[in-house]
Protein chains: 2
Amino acid sequence: MFIQIEPQSDVPIYEQVTRQIIEGIARGEMKPGDTLPSVRALAADLGVNMHTVNKSYHELEAKGIIVIRPKSGAIISSTEERALTPDQLRQIEKNLKPVVAEGMVLGATVEQIEHMMKKVFADLQIPAEGV
Amino acid sequence: MFIQIEPQSDVPIYEQVTRQIIEGIARGEMKPGDTLPSVRALAADLGVNMHTVNKSYHELEAKGIIVIRPKSGAIISSTEERALTPDQLRQIEKNLKPVVAEGMVLGATVEQIEHMMKKVFADLQIPAEGV
């Protein structure tokens, strides 16, 4: 998976790493059971501090997207392990709030936001789900 | 408008200020033409650094949500001034991407995300638009 850091971005680097891993999984570039690179290897690869990658992996674990095992490393959870909990639904809703609010204030209608949301979903869609 | 800072949050403080101002405008608590508190006053009120509030106001200006005038301060743009530009549409789409990707990876369907998005929109809806 290709992760590109934008040093000038307002988004903290660990959050850029988290988002790009999530998008990579959404696109099917990595699958449940796959192991992420070690913290050391990914940090060296991206030219960032190990602490940054570590923070990202712990965020992914807190979101229920990976499981960190002392010996085997960071493993992508299976879809069953990732079944939506009420907490995760609330988390998605919480994530949506600032984005939707900004869209509204800029003058977007609910239909425009819906259209963009569906486009983003389709663009990310896992190509061969379940294969 | 009531702004509440969560010091423990992973969201940087200036970004918390930005989001809450945007949500306040979305909810109609502040209207086009209204003036935001001065940087100094809001910083004192929230107990944060003036630099933090300044960064937030400049972010709001970059998004086209307020206009900063040297003498009159930070004024909320009129809806006409806030007509959606192609750049702003792209910005909303870009904002949606990590949220939708996370929802997908957690196992949400496009219908579930659509439902939550509409709920967030309805909850934020300006009570008496145009009045």
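The centres of domain 1 and domain 2 of chain A, taken over C-alpha atoms, lie 25 Å apart, the domain bounds being those of an automatic or database domain assignment. The model is a predicted one, in which local features need pLDDT of at least 70 and side-chain atom pairs count only at pLDDT 80 or more, while totals for chains, interfaces and linings use all residues. Residues are numbered from 1 along each chain as its sequence is written, and chains are lettered from A, with ligands numbered from 1, in the order in which they are written.

**Exercise 1. Describe the layout of chain A, from its domains to its secondary structure.**

Solution. Begin with the domain assignment, which gives residues 13-76 to domain 1 and residues 86-124 to domain 2 of chain A. Next, take the secondary structure, where helices (H or I, at least four residues) and strands (E, at least two) are DSSP runs numbered from the N terminus: chain A has five helices and two strands, and their order from the N terminus is α-α-α-β-β-α-α. Then consider the extent of the chain, whose C-alpha atoms fill a box of roughly 50 × 35 × 25 Å along the principal axes. Finally, count a residue as buried if 20 or more other C-beta atoms, placed from the backbone, lie within 10 Å of its own, as exposed if 12 or fewer do, and as partly exposed in between; on this scale 32% of the 131 residues in chain A are buried.

**Exercise 2. Work out which face of helix α3 of chain A is buried, and what that face packs against.**

Solution. First check the length of the helix, for which the expected span is 1.5 Å times one less than the number of residues: the 13 residues of α3(A) should span 18 Å, and the end C-alpha atoms are indeed 18 Å apart. Next, list the buried residues of α3(A), which are Thr52(A), Val53(A), Ser56(A), Tyr57(A) and Leu60(A). They cover an arc of only 135°, and so they sit on the same side of α3(A), the arc being that of the directions from the helix axis to the C-beta atoms. An α-helix has 3.6 residues a turn, so residues three or four places apart point the same way. The face turned away from the buried side of α3(A) carries the exposed residues His51(A) and Ala62(A). Now turn to the partners: the buried residues of α3(A) pack against α1, α2 (39-46), β1 (66-69) and β2 (73-76) of chain A. His58(A), also in helix α3 of chain A, is partly exposed, because 15 other C-beta atoms lie within 10 Å. Just after α3(A), Gly64(A) takes a positive phi of about 85°.

**Exercise 3. Determine how chain A and chain B are related, and which elements of chain A touch chain B.**

Solution. Start with the superposition, made by least squares on the C-alpha atoms of residues with pLDDT of at least 70 in both copies. A turn of 180° with a shift of 0.0 Å along the axis lays chain A on chain B with an RMSD of 0.0 Å, and the two copies are therefore related as by a two-fold rotation axis. Among the residues of chain A, Glu114(A) comes closest to the rotation axis, at 3.3 Å for its C-alpha atom.

Next, examine the contacts, taking two residues as in contact if their C-beta atoms, placed from the backbone, lie within 7 Å. There are 38 residues of chain A in contact with 38 residues of chain B. On the side of chain A that touches chain B, α1 (13-26), α4 and α5 each supply at least two residues, and α4(A) gives the most, with 14 residues.

**Exercise 4. Explain how helix α5 of chain B is placed, and follow Val100(B) across the two chains.**

Solution. Start with the buried residues of α5(B), namely Ile113(B), Met116(B), Met117(B), Val120(B), Phe121(B) and Leu124(B); they fall within an arc of 140° when seen down the axis, so they line one face of the helix. The opposite face, turned away from this buried side, carries the exposed residues Glu111(B) and Ala122(B). The packing partners of the buried residues of α5(B) are α4 (86-105) and α5 (110-124) of chain A, together with α1 (13-26) and α4 (86-105) of chain B. Lastly, take Val100(B), which lies in helix α4 of chain B and counts as buried, with 31 C-beta neighbours inside 10 Å. Apart from neighbours within four places in sequence, Val100(B) is in contact with Met117(A), Val120(A), Phe121(A), Leu124(A) and Ile113(B).
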